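Visitor: I'm new here and would like a close look at a single part. Could you walk me through the aromatic rings?

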Amino acid sequence: MIDLHTHSAASDGSLTPSALMQEAAKRGISAIALTDHDTIDGLEEAETAAGERGIRFIPGIELQILWNQDSGGEFHLLGLGIRRPSPGFTATVAELARRREERNMEILEKMNNAGITACYDEIRAYATGFEPGEPGLTGYRHSIGRPHFASFLVKRKIAKNREQAFARYLGRGKPFYMPKAGLEFERALEAIKESGGIAVLAHPMSLYVAWGRLPALIEDLKERGLDGLEAWHPTAKFSSCRRLEELGRKLGLLITAGSDFHGEVRPDRKLGITAGGKKIDESFLQAIPGIISPPPPR
């Protein structure tokens, strides 16, 4: 099995990059991409750990793209093969980190105004696994987001679980919701491609676009520079994934598959497994020519 979409504790996953590679080895994963949200800070640690276990490693990222907020959907773009981060790429990621911090502070202010007293160190603790005031893990910055606010609300017994925290407080239209600033599609494409990567539309069904409009939209994105389509994702129906793969191949797009693994924060997602319990086999490596390195020596 392989996996072309995973997350570590460098963003909103529960496992450190090293622990993620250890879990991948246990699962028999032969190749894996780490695609943390808006950060590449976990890549070096992950690549070293993957090499120690004989796992082929694809350095990646997942970027949020500006999208019509009224649709209720989200547009995420995977960058696979980020082996030579350009100065423009580095500047773009730094800007995203700044925007994320600003958003987090606005969420925190909303919570405090509602009578839920909290400081940012308390939220940060759920990203690092360390208590407030401790230095946390070294080697990468933790990308703090709504899942960590949700964990805080559960700890305070304001919500029963993370799902309820989103449903009542953090989801779209709820009291503590703040939209996440995304990148312009063209800017994200440029940052990915000048760093040696390919740009893949992540979980297309999350766009919340009707099937009648989706082919034209994806074709337009291809004409603007999109390289591939993540046709297989665990949140989509098996039949929808087959339909997306057919559409992607018809349009001449590269086809990828992923688990979108986050660890214990999303226990329903398993490494190497995608929609309908389908194992992600090595045939999907054909989607990323020139990006997969040879298997490292054990």
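Guide: Let's start with F75, which is buried, as its relative accessible area is just 4% (buried means under 20%, exposed over 50%, partly exposed in between, with a 1.4 Å probe and protein chains only). This is a predicted model, where local features need pLDDT of at least 70 and side-chain atom pairs count only at pLDDT 80 or more, while totals for chains, interfaces and linings use all residues. Residues are numbered from 1 along each chain as its sequence is written, and side-chain values use heavy atoms, leaving out hydrogens and water.

Now for the partner of F75: W67 makes an edge-to-face aromatic pair with it, 5.7 Å centre to centre and with 90° between the planes. For such pairs, rings of Phe, Tyr and Trp (its six-membered ring) need centres within 6.5 Å; planes under 30 degrees apart are stacked, over 60 edge-to-face, and the rest tilted. W67 has 24% relative accessibility, so it counts as partly exposed. Add F185, and you have one aromatic cluster made of W67, F75 and F185.

In total, the structure holds four aromatic pairs. Another of them joins W232 and F238: their ring centres are 5.0 Å apart and the planes sit at 65°, so this pair is edge-to-face. Here W232 counts as buried because its relative accessibility is 3%, whereas F238, at 34%, counts as partly exposed. So look for a buried F75 beside a partly exposed W67, then find the buried W232 with its partly exposed partner F238.
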